[in-house]
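Me: Could you walk me through how the two partners in this model meet? I'd like the reasoning as well as the answers.

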Amino acid sequence: MNFDSGLPIYMQIVDIIKTRIVTGILKNGEKLPSVRDLATELKVNPNTIQRSYGELEREKIVFTQRGMGTFVTEEKSILDGLKDTMAREKVTSFMEDMERLGYSRADIPGIIEKIIVEGK
Amino acid sequence: MENIVEIRGLTKRYDRKEALRSIELSIEKRKVVGILGPNGSGKTTLIKLLMGLLHPNKGEIKIDGESPGIHTKSVISYLPDRNSLYSWMTVKDALQMYQDFYQDFDGKKAEDLLQFMKLERTMRVSDMSKGMKEKLNLALVLSRRAKVYILDEPIAGVDPVARDQILDAIIDNYKEDSAMIITTHLVRDMENIFDQVVFLGDGEIILSGEAESLREEKNMQIDDLYKEIFG
């Protein structure tokens, strides 16, 4: 796996796991892969995965049960918040792209509506 | 954290040419360190000094608390940058040689690694491709319970499938009570396994640090940083 942006790899792995949670690949309460398994899957140093899990734990998205492993939280408010944050990030970056193309923010809803209608 | 390797003011000259100049480097247990630099930057000289194959003109090296010698050789497992096995050997002969030479050789681990690398015991070194030889050498090197693993250009000149197997084997065999030192100029393929990187150019350390901190600070991946420094 190649990590392309300028972000540290542990942050990019945090994003990969968040995406897996929001898209349902990892379910609420489900056990995350072991540090070693994910290290092998993504071909990165196990210390990096450990750091990613630490960050996710700090954000309360996962929790660790001693001797059992790391699990996705079952608290709905946290997962809803995660989904909301990711949606906001996507929309913000989309709007920045549109502004670079020369559209104003006010133009954007109209363009989206047009494409939705055409797509029907 | 305990430093397993300490290098202080290390200088090595060949005739009048300085191959390494005032190298300072500390490596903790459980770290994977990438020594990065183009050909001729001093990587192999540094490794030969760590292995005790060359002697420094100035400065000192401590590995597991001692200068390179009998003790340090017994705690270092070394993958040279070229095949170190005789061409008449089979995989079985190579296993036997390691078993005889090294007290810390783990036969069970070697079996697992050979299976993972898809190497049969009856295969002969002379019939192997470059990638297969590299995989065999690495399997043997990783089967020792060493304190320091030194891998000199482990993926140079091997095909992409062998390269992935080699990377997987290195990650799977990462040990918390040992350190790994890996030289490479193929930074893009290997950067994700390094905790710490050292950019070596013309015999000097140009830049070194935690890989993740450098990414954050420079806002780029290590491969891009490498191209900026040596490009």
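Me: How many residues of chain A are in contact with chain B?
Reply: Happy to help! This is a predicted model, where local features need pLDDT of at least 70, side-chain atom pairs count only at pLDDT 80 or more, and totals for chains, interfaces and linings use all residues. Residues are numbered from 1 along each chain as written, chains are lettered from A in the order written, and side-chain values use heavy atoms without hydrogens or water. Contact means heavy atoms within 4.5 Å. On the chain B side 19 residues take part, and on the chain A side the count is 21.

Me: Which three residues supply the most of the area that chain A buries against chain B?
Reply: Buried area is the accessible area (1.4 Å probe) that two parts lose on being put together, summed over both. The two chains bury about 1,800 Å² between them, 40% of it on carbon and sulfur atoms. Of the area that chain A buries, 31% comes from A:Lys43, A:Asn45 and A:Asn47.

Me: Which residue forms a salt bridge with A:Lys43?
Reply: The rule asks for a side-chain nitrogen of Lys or Arg within 4 Å of a carboxyl oxygen of Asp or Glu, and it finds one such bridge across the interface. Here the closest N and O atoms are 2.7 Å apart, and the partner is B:Asp168.

Me: What distance separates the end C-alpha atoms of helix 6 of chain B?
Reply: Helices are DSSP runs (H or I, at least four residues), numbered from the N terminus. The expected span is 1.5 Å times one less than the number of residues. Helix 6 has 13 residues (160-172), so the expected span agrees with the distance in the model, 18 Å.

How values were computed. Helices (H or I, at least four residues) and strands (E, at least two) are DSSP runs, numbered from the N terminus.
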